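Student: I've never looked at this one before. Please walk me through it, a feature at a time.

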Amino acid sequence: METHVTDAVVGELTLTLDRDAGIVRVEGDAIPTVVVRRSADVVARRHIPIGTRGPEHLTMTVDGTEVALRPAPGRVTRHSYRAEVEHEGITYTLVPTSEVSSGFFRGEHGLGEFTTLADGEVRAEWVASPSPEEAAIGYALAACFGSGAEHALLVILGIFS
């Protein structure tokens, strides 16, 4: 599936998600290419766009250079659905802030919010000007893991209903 996005800060970009092959690719004229790959030996879970949250089964590159990708396991709390990337000594985090959206942070500094729609489209609303690398990383994380998560209390109540 290929989606074309016009971002207010970095312009035109293309997000490609191949669920079967386990590949997400983000590219554009004004951003570096970011690729996330799932190991071929992993059984893909359908509710995760990239197929897994296991960091040992994922690799991520920014313009061909491998970076550390650490998705949390995704359990009950929203925070457990975060995904972190270490790039050039800086930690970037995508963490759910509502049922549908996730905040994107450089360290403790908020850069923006991502929303992933049911058809795979990813939208960003920036509160600060990201670098091209930051924008590409944010889009890749949102495309790989989606955005948002239910509040823990609602999950717990759903278990008992």
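Tutor: Let's start in a loop: D63 sits between β5 and β6. Keep in mind as we go that this is a predicted model.

Student: Which sign does the phi of D63 have, positive or negative?

Tutor: Here's the general idea: most residues other than glycine have a negative phi. D63 is not a glycine, and yet its phi is positive, about 50 degrees.

Student: Is D63 buried or exposed?

Tutor: Exposed, because its relative accessible area is 54% and the cut-off for that word is over 50%.

Student: Which residue in the loop between β7 and β8 should I look at next?

Tutor: Try E88, which is found in that loop. E88 isn't a glycine either, and its phi is also positive at about 50 degrees. With a relative accessibility of 73%, E88 is exposed.

Student: Okay, on to the strands. In what order do the 11 strands of the sheet come?

Tutor: First the general bit: strands of a sheet pair through backbone hydrogen bonds, either parallel or antiparallel. In this case the sheet is open, its pairing is antiparallel, and the order is β1-β2-β3-β4-β5-β6-β7-β8-β9-β10-β11. The edges belong to β1 and β11; each has a single partner strand, so one side of each has no neighbour in the sheet. On average, neighbouring strands are turned by 20 degrees against each other, direction ignored.

Student: How many bridges hold β8 and β9 together?

Tutor: There are 5 bridges, in the antiparallel sense. A hairpin with 4 residues links the two strands. For one bridge to look at, take Y92, whose partner in β9 is R106.

Student: And what stands opposite R106 in β10?

Tutor: That would be H109. β9 and β10 are antiparallel too, with 6 bridges between them. Their hairpin has 2 residues between the strands, and in it G107 has a positive phi near 60 degrees.

Student: Which residue of β11 is the bridge partner of E113?

Tutor: E125 is the partner. β10 and β11 pair over 5 bridges, again in the antiparallel sense.

Student: Let me zoom in on one strand residue. Is T93 buried or exposed?

Tutor: T93, which is part of β8, is buried, because its relative accessibility is 11% and anything under 20% counts as buried. Leaving aside neighbours within four places in sequence, the contacts of T93 are R82, A83, E84, G103, F104 and F105.

Student: Now for the helix. How far apart should the ends of α1 be?

Tutor: The general picture is that an α-helix has 3.6 residues a turn, so residues three or four places apart point the same way. For α1, residues 132-145, the rise of 1.5 Å a residue predicts a span of 20 Å, and the end C-alpha atoms are indeed 20 Å apart. Just after α1 comes G146, with a positive phi near 75 degrees.

Student: How many of the 14 residues of α1 are buried?

Tutor: The count is 12, so this helix is mostly covered. Among the buried ones are A136, Y139, A142 and F145.

Student: What does α1 lie across?

Tutor: It lies across β1, β2, β3, β4, β5, β6, β7, β8, β9, β10 and β11, and it runs at about 30 degrees to β4. For a close-up, pick V122 in β11. V122 is buried, with 1% relative accessibility. Not counting residues up to four places away in sequence, V122 touches several residues, including Y139, A142 and A143. V122 and Y139 are 17 residues apart in sequence, but their C-alpha atoms are 7.1 Å apart in space.

Student: Last topic, charges. How many salt bridges are there?

Tutor: The idea is that side chains of opposite charge can pair when their charged atoms come close. The count here is 5 salt bridges. One of them joins E27 and R25, at 3.3 Å from N to O. Another joins R70 and E86, with the closest N and O atoms 3.6 Å apart. R70 is in β6 and E86 in β7, so that pair ties together parts 16 residues apart in sequence.

Student: Which salt-bridge partner does R82 have, and at what distance?

Tutor: R82 meets E84, at 3.8 Å from N to O. Through shared partners, R70, R82, E84 and E86 form one salt-bridge network.

Notes: Residues numbered from 1 in each chain as written. Predicted model: local features only at pLDDT ≥ 70, side-chain atom pairs only at ≥ 80, totals over all residues. Heavy atoms only, no water. Expected span 1.5 Å × (residues − 1). Buried < 20%, exposed > 50% of the residue type's maximum accessible area, 1.4 Å probe, protein only. Contact = heavy atoms within 4.5 Å. Pairing = 2+ DSSP bridges. Axes fitted to C-alpha atoms, helices over the stretch in contact; angles between N-to-C directions. Salt bridge = Lys/Arg side-chain N within 4 Å of Asp/Glu carboxyl O.
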